[in-house]
Amino acid sequence: MRTFQAPEQFEGAGFRVRRPVGGGRLRNLDPFLLLDEFGPVEYGPGEARGAPWHPHRGFQTVTYMRIGEFRHRDSLGNSGILRGGDVQWMTAGAGIIHDEVPSERLKREGGPMHGFQLWVNLPAAEKMTPPEYQDVPARNIPVVEQEGVRIKVIAGHLGDVKGACETRTPITYMELDVDRGATHVPTIDPDWNAFLYVFQGSFTVQGTEVGLHNCAVIRRQVTDELDTDSDSADLTAPLEIRGVQDHNGALLIAGKPIGEPIVQHGPFVMNTREEIMQAFRDYEKGTLGSIPARFTSRTDPA
């Protein structure tokens, strides 16, 4: 099992993220292209930053706000606020332009913020599907309680409990809240890729300690002939995830590999270089969309 600390970098208009997947330590983990953790941070008035208008094509973005408020607007005219515990699962598909920034209240007054954005690849047959959204409020996300463990099921299944979000390929996305000494034993398909990312406290995974802001690659299927680095835990035995400190939090994310070529350039993820070049041409021509006039107005309430 491979473990490493998530590298830090700046994104968007200058906010700091930790990137366990999609950075220098782990290029991707099919079907996952990127995971960013933004925060936890306490902003002062006027300090909060986000990711202003930018395009996407060929994949999905999953934004999970643990704490704080984020405003979303897009080229289709949609707008809204993500608050603590909410999830937005956006399928960019054929293309969309959107704006992801702290709410006006948070920018004006300051306050805490903590969240994650996961990028999930789409199969070639679905990369040009029309854009769509799932906006899931915190109250609709099921929480399973076990002895000393609380599990938020964002996507996938935990026993008979179905996650709040529908997925286009088989995926599990859960938040684990684990007390000291308590254990969670998840069931992960041995043919799936999986990882654990620790954002609070520390854990052991089959006896190996995984500390704060560290990622453990629990299972890695090699789907790229140029990528021969394969890691996996011993999945012949039950996978034991144990809390080490008084309060321990992590994301457990797993999915069935798509097994197709991945060609990525910035906000576009396709299967060939020509498809990437076409995405740039479409963006320059405005066929991915444009910023609605009402979002350029100073009186826009969103």
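1. Which residue in S24 does Met-174 stand opposite? In this structure, which is a predicted model, the residue opposite Met-174 is Leu-252. The pair is a useful place to begin reading, since it leads to the pairing of S17 with strand S24, residues 247-255, which runs in the antiparallel sense over nine bridges.

2. Strand S17 also has a partner in strand S14, which covers residues 149-155, and here too the pairing is antiparallel, with six bridges between the two strands. Within that pairing, Ile-151 has Leu-176 of S17 as its bridge partner. As for its surroundings, S17 is largely enclosed by the rest of the structure, because seven of its nine residues are buried.

3. A separate point concerns an open sheet of four strands, whose order is S18-S23-S20-S21 and whose pairing is antiparallel. Strand S18 (183-184) and strand S21 (208-210) are the edge strands, as each of them pairs on one side only. The partner of S18 is strand S23, residues 241-243, and the two are joined in the antiparallel sense by two bridges. A reader who wishes to locate this pairing may look for Thr-183, which stands opposite Arg-242 in S23.

4. Turning to charged side chains, the count of salt bridges in the model comes to 22. One of them joins Glu-104 and Arg-71, with a distance of 3.1 Å from N to O. The two residues belong to distant parts of the chain, 33 residues apart, with Glu-104 placed in helix H1 (residues 104-109) and Arg-71 in strand S7 (residues 69-74). Their surroundings can be set side by side: Glu-104 counts as partly exposed because its relative accessibility is 36%, which lies between the limits of 20% and 50%, whereas Arg-71, at 6% relative accessibility, counts as buried.

5. Another salt bridge is formed by the side chains of Glu-132 and Arg-168, at 3.1 Å from N to O. Glu-132 lies in strand S12 (residues 132-136), while Arg-168 is found in the loop between strand S16 (161-162) and strand S17 (171-179), so this pair ties together parts that are 36 residues apart in sequence. Glu-132 is partly exposed, having a relative accessible area of 36%, and Arg-168 also counts as partly exposed, at 28% relative accessibility.

6. Salt bridges that share partners also join five residues into one network, namely Glu-69, Arg-83, Arg-105, Arg-108 and Glu-109. Within this group, the side chains of Glu-109 and Arg-108 meet in a salt bridge of 3.4 Å, N to O. Glu-109 is partly exposed, with a relative accessible area of 44%, whereas Arg-108 counts as exposed at 52% relative accessibility.

7. The last point is about Asp-36, which has its place in strand S4, residues 32-43. Is this residue buried or exposed? Asp-36 is buried, because its relative accessible area of 9% falls under the limit of 20%. Its side chain is joined to that of Arg-19 by a polar contact of 2.6 Å. If residues up to four places away in sequence are left out, Asp-36 touches Glu-11, Val-17, Arg-18 and Arg-19, and in addition Gly-115, Phe-116 and Gln-117.

Key
Residues are numbered from 1 along each chain as its sequence is written. This is a predicted model: local features need pLDDT of at least 70, side-chain atom pairs count only at pLDDT 80 or more; totals for chains, interfaces and linings use all residues. Side-chain values use heavy atoms; hydrogens and water are left out. A salt bridge is a side-chain nitrogen of Lys or Arg within 4 Å of a carboxyl oxygen of Asp or Glu. Buried means under 20% relative accessible area, exposed over 50%, partly exposed in between (1.4 Å probe, protein chains only). Two strands pair if DSSP finds at least two bridges between them. A polar contact is a pair of N or O atoms within 3.5 Å; within protein, one must be able to donate a hydrogen and the other to accept it, and residues adjacent in sequence count only if both atoms are side-chain atoms. Contact means heavy atoms within 4.5 Å.
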